[in-house]
2 protein chains.
Amino acid sequence: MTKQFKFTLHKKDGAARRGTVHTAHGDIRTPAFMPVGTVGTVKGLYMDQVKGTGADIILGNTYHLMLRPGAEQVAALGGLHKFTGWQGPILTDSGGFQIMSLSKIRKIKEAGATFSSHIDGRKYELSPERAMEIQRLLGSDIQMQLDQCIQFPHTEKEAEKAMQLSLRWAERSRKAFQSVSQPGHGNFGIVQGGTDERMRLASAEGLKQIGFEGYAIGGLAVGEGQKLMLSTLDFTTPALPVDRPRYLMGVGTPDDILESVARGVDMFDCVMPTRSGRHGQAFTRFGKINLRNAKHADDPRPLDAEHPCPALSQYSRAYLHHLIRSGELLGMMLLSWANIAYYQSLMQGMRDAIDASKFEEFRAATHEQWKMGDVAT
Amino acid sequence: MTKQFKFTLHKKDGAARRGTVHTAHGDIRTPAFMPVGTVGTVKGLYMDQVKGTGADIILGNTYHLMLRPGAEQVAALGGLHKFTGWQGPILTDSGGFQIMSLSKIRKIKEAGATFSSHIDGRKYELSPERAMEIQRLLGSDIQMQLDQCIQFPHTEKEAEKAMQLSLRWAERSRKAFQSVSQPGHGNFGIVQGGTDERMRLASAEGLKQIGFEGYAIGGLAVGEGQKLMLSTLDFTTPALPVDRPRYLMGVGTPDDILESVARGVDMFDCVMPTRSGRHGQAFTRFGKINLRNAKHADDPRPLDAEHPCPALSQYSRAYLHHLIRSGELLGMMLLSWANIAYYQSLMQGMRDAIDASKFEEFRAATHEQWKMGDVAT
């Protein structure tokens with residue numbers, strides 16, 4: 001039996017949605033947080049740890065993987081699943097965001113993007129068709145269209161131009177995706193248009209006309225602030241098809257995620273749990289805890305005694321503090337693991353709450369507990 | 001029943017010895033390799049991975065731990081076992097070596113050493129008595145006397161002076177160790193004297209007069225080269241009591257260890273497997289493999305398909321190459337784990353060979369296999 005890519009919406013509670021995305025490599029329970037495995041590794045974690053936290057899917061970066069080791073190389077080694085050892089679903093972005101954020105020299109034309117590698121300055125071209133080809137070579141379960149991302153702040157004209165180009169690239173991406181049969185694999189379009197309602201709605205409409213297995217919201221969490229991000233979601237998610245998964249790209253803090261689920265978003269990815277972990281910052285039920293802080297030096301308590309993840313329940317704050325202060329790998333490993341585990345338990349909490357029609361209670365209680373913060377724990 | 005610290009010599013095969021060291025926190029099968037947990041973590045490994053490789057004992061550094069987090073702090077948190085989560089035996093060195101190698105400003109007097117922390121320049125004093133007190137506070141199962149280490153090369157006069165001072169410190173260390181009852185804990189003296197036979201024998205004789213639970217050989221692998229190191233062992237190990245464990249400090253490569261076991265050494269420690277691992281160097285049955293090398297980029301084979309450690313058998317060389325080239329934590333984690341695992345299986349191989357009276361065959365076959373190296377695998 002060939003697996004079919006599809007989305008099942010199980011339940012709504014307010015705007016919050018509980019669903020399942022079915023892919024070639026397994027199911028994704030939504031709302032879902034996707035740990036970021038930039039170059040084929042979720043930084044500092046073993047893949048079985050990632051799985052053990054409850055993650056159903058991880059994300060890989062087309063930009064990074066096309067530069068090193070290269071899409072054809074990964075394909076020759078059996079694809080990204082085999083290469084990395086991650087057996088569940090993988091989503092790859094299209095490279096658009098990193099071309100904007102990482103490459104110092106870049107040119108955007110109708111045909112596609114030309115840019116210089118941030119590693120060695122070598123020149124690359126990335127068209128919508130090549131972006132899809134790379135993701136097919138990697139074997140991604142969810143393949144994103146190529147889009148043009150722009151820096152924040154920007155003018156309305158810049159946003160309009162980028163949104164329109166992204167729409168034309170969406171159409172070409174879609175054609176390229178459909179030109180090869182990939183049962184169980186899906187292709188998402190990306191809504192652009194800054195924080196402007198008219199543009200976001202035009203972008204969503206254009207994408208719906210093309211038709212995708214899922215819809216992402218790009219160009220947020222780039223400096224506009226949480227308030228503007230959420231108000232943009234307020235008018236963007238209602239414009240997206242009910243029967244398709246919605247993915248808010250590159251977001252965010254636990255609070256960003258909770259508030260976005262409340263606005264009908266199903267999927268998220270962010271480097272924050274691992275990046276912050278490497279720098280000594282823990283996300284927990286009790287809010288953020290900065291393990292560099294001297295007050296943890298003599299504290300024998302774990303971050304969260306009741307959490308099933310050993311990184312949260314089996315290591316004292318004193319030990320974590322010592323490891324982080326000493327620049328030890330294990331400190332980065334443990335806090336990255338703890339943060340991914342907390343993010344996943346937050347997602348599980350939201351899924352359970354929606355199932356039980358208690359999302360609003362969960363949302364309020366979670367905010368309340370975060371406020372206790374580092375002080376009360 | 002109170003556990004008693006003792007050494008059981010099960011078997012000799014040539015000069016190679018098979019034994020067990022019994023300690024408060026469990027048994028150590030010898031010949032033994034002790035992974036180095038400098039500041040309370042074997043760099044890049046979880047403690048259950050360390051245990052899983054077959055390590056019975058790890059080493060902690062008095063110098064590092066007294067600076068950060070501090071001996072009294074570790075004691076208040078329940079000791080080094082509880083602090084780190086390592087439940088097996090722990091050996092701590094005395095700080096002598098790091099005072100020589102790490103501290104830029106140091107003064108050695110009869111009373112003890114005065115030195116500045118390499119972290120913040122703060123001034124510390126370390127007498128033989130304080131070195132033992134720190135190790136007692138840490139809760140080490142094997143506590144080393146304070147000794148004076150000197151740089152290589154050195155004059156005969158410098159070596160003689162340091163050896164004599166180390167002997168006087170040995171006596172004071174022993175008194176301090178015996179002043180407090182610590183059932184199941186042992187105290188090792190350290191033979192010094194450079195590569196000079198007369199001095200080494202005088203040092204060994206002096207230490208035997210004092211009487212220790214074990215005897216270490218210090219001041220080797222400091223730049224004298226393998227040949228001089230082994231010839232020094234040739235006359236030093238026969239001067240040590242047969243019924244006590246012998247520990248060659250800070251050694252070494254797999255080859256150093258194999259050749260030292262052949263000369264009657266029982267215990268080893270070295271940062272090499274983890275340090276080299278972090279830099280992309282693997283130690284395997286087939287010799288050294290430098291994963292940075294471009295030839296591994298497309299190689300789907302693991303480092304050693306038949307090894308029980310997942311780091312050796314479950315990850316392709318291509319993936320390891322990619323991780324190391326990308327500077328990823330997981331690359332450092334996997335190669336550190338692989339190297340500790342290989343070291344432990346080498347020790348197990350030696351123990352089995354001695355048990356079977358086939359040490360010479362094992363030694364020859366191991367050398368032969370190493371020669372195959374990276375090329376033939």
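**Exercise 1. Which residues of α13(A) are buried?**

Solution. The structure is a predicted model, in which local features need pLDDT of at least 70, side-chain atom pairs count only at pLDDT 80 or more, and totals for chains, interfaces and linings use all residues. Residues are numbered from 1 along each chain as its sequence is written, while chains are lettered from A and ligands numbered from 1 in the order in which they are written.

Step 1. Recall the terms. A residue is buried if 20 or more other C-beta atoms, placed from the backbone, lie within 10 Å of its own; it is exposed if 12 or fewer do, and partly exposed in between. Helices (H or I, at least four residues) and strands (E, at least two) are DSSP runs, numbered from the N terminus.

Step 2. Apply them to α13(A), residues 317-325. The buried residues are A:Arg317, A:Ala318, A:Tyr319, A:Leu320, A:His321, A:His322, A:Leu323, A:Ile324 and A:Arg325.

Step 3. Interpret the result. Nine of the nine residues of this helix are buried, so α13(A) is largely enclosed by the rest of the structure. Its buried residues pack against α14 (329-355) of chain A together with α4 of chain B. Just after the helix, A:Gly327 takes a positive phi of about 65°.

**Exercise 2. Determine how β12(A) is connected to β11(A) and β13(A).**

Solution.

Step 1. Two strands pair if DSSP finds at least two bridges between them. β11(A) (residues 186-191) and β12(A) pair in the parallel sense over four bridges; A:Phe188 has A:Gly214 as its bridge partner in β12(A).

Step 2. β12(A) and β13(A) (residues 246-248) run parallel and are joined by three bridges. Here A:Ala216 has A:Tyr247 as its partner.

Step 3. β11(A), α8(A) (residues 197-210) and β12(A) make a right-handed β-α-β unit. Right-handed means that, with the strands pointing away from the viewer, the path from the first strand over the helix to the second runs clockwise. β12(A), α9(A) (residues 226-236) and β13(A) also make a right-handed unit.

Step 4. Both faces of β12(A) are covered, with A:Gly214 and A:Ala216 buried on one side and A:Tyr215 and A:Ile217 on the other.

**Exercise 3. Describe the contact between chains A and B.**

Solution.

Step 1. Residues are in contact if their C-beta atoms, placed from the backbone, lie within 7 Å. The contact takes 27 residues from chain B and 27 from chain A.

Step 2. On the side of chain B that touches chain A, α13(B) gives the most, with five residues.

Methods:
Two residues are in contact if their C-beta atoms, placed from the backbone, lie within 7 Å.
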